[in-house]
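Here's a quick walk through a protein chain for anyone who'd like to get their bearings before heading back to the bench. Have a look at the sequence and the fold, then read on.

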Amino acid sequence: MRYICLIYNSTDTDGTLTPDETDELIKAHFAFDEELCRDGIMIHSDALEMPDKATVLRVRNNTLSATDGPYVETKEHLAGFYVIEAPDVMIAREIAGRIPSARFGAVELRPVRILTLPD
């Protein structure tokens, strides 16, 4: 089964890591990525830019509107994600719990819903 691991960083701690701590966290993510690839678990992962780089798009009455971020007041923001393959939720939880950023923020684990076209 496919799962997405959404990494959330707290606005209270975001940007407070020292350059050395940031470098160590990035190295830990690269090592974790290599492990997941080697074990055939990784489908994709990426870090995201800060919320002020986001744009929210909405279509209402066939009109597109765009709002530059950050667009909501929140204590946490989506910082990155992993898409993994795991045989069940318990193994997916164990994998998600090893994501290095979980030490500083939170990881939301959610099964991916594979959509198919109706007959």
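What follows goes from the overall layout to one helix, a pocket and a few single residues.

## The overall layout

First things first: this is a predicted model. The protein chain has two helices and six strands, and they come in the order β-α-β-β-β-β-α-β as you read along the sequence. Taken along the principal axes, the C-alpha atoms fill a box of roughly 50 × 45 × 20 Å.

Of the 119 residues in the protein chain, 24% are buried. If you take the contacts between residues at least 6 apart in sequence, 77% of them join residues at least 24 apart.

## Helix 1 and its two sides

Helix 1 covers residues 19–38. Its 20 residues should span 28 Å at 1.5 Å a residue, and the C-alpha atoms at its ends sit 29 Å apart, so the two values agree. After helix 1 comes Gly40, which has a positive phi, near 75 degrees.

Which residues of helix 1 are buried? They are Leu25, His29, Phe32, Asp33 and Leu36. These buried residues cover an arc of only 105 degrees around the axis, so they lie on the same side of helix 1. As a rule, an α-helix has 3.6 residues a turn, so residues three or four places apart point the same way. Flip to the other side of helix 1 and you'll find Pro19, Asp20, Lys27, Phe30, Glu34 and Arg38, which are exposed.

And what do the buried residues of helix 1 pack against? Their partners are strand 1, strand 2 (42–47), strand 5 (76–85) and helix 2 (89–97).

## The largest pocket

The largest pocket holds about 700 Å³ of space. It is lined by 28 residues, and Asn9, Leu25, Ala47, Ala79 and Ser101 are the closest to its centre. Strand 1, helix 1, strand 2 and strand 5 are the elements that each give two or more residues to this lining. Helix 1 gives the most to the lining of the largest pocket, at six residues.

## Leu25, up close

Leu25 belongs to helix 1. Is Leu25 buried or exposed? Its relative accessibility is 14%, so Leu25 counts as buried because the cut-off is under 20%. Leu25 is also one of the residues closest to the centre of the largest pocket.

Setting aside neighbours within four places in sequence, Leu25 is in contact with Leu17, Pro100, Ser101, Arg103 and Phe104. Take Ser101: Leu25 and Ser101 are 76 residues apart in sequence, yet their C-alpha atoms are 7.3 Å apart in space.

## Two residues of strand 1

Tyr8 is in strand 1, and so is Ser10, in the run of residues 2–10. Tyr8 has a relative accessible area of 21%, so Tyr8 is partly exposed. Ser10, at 14% relative accessibility, counts as buried.

Now for their contacts. Leaving out neighbours within four places in sequence, Tyr8 is in contact with Glu76, His77, Leu78, Gly105, Ala106 and Glu108. With Glu108 there's also a polar contact, side chain to side chain, at 3.3 Å. Tyr8 and Phe104 are 96 residues apart along the chain, with 8.9 Å between their C-alpha atoms. Not counting residues up to four places away, Ser10 touches Lys75 and Glu76.

Notes. Residues numbered from 1 in each chain as written. Predicted model: local features only at pLDDT ≥ 70, side-chain atom pairs only at ≥ 80, totals over all residues. Heavy atoms only, no water. Helix = DSSP H or I, 4+ residues; strand = E, 2+ residues; numbered from the N terminus. Buried < 20%, exposed > 50% of the residue type's maximum accessible area, 1.4 Å probe, protein only. Contact = heavy atoms within 4.5 Å. Expected span 1.5 Å × (residues − 1). Arc of directions from axis to C-beta. Polar contact = N/O pair within 3.5 Å; in protein donor to acceptor, adjacent residues only side chain to side chain. 1 Å grid on protein atoms, 1.4 Å probe; cavity = no way out; pocket = protein on both sides within 12 Å on 5 of 7 lines; lining within 4 Å. Points joined across faces, edges and corners; volume = space filled by probe spheres on them.
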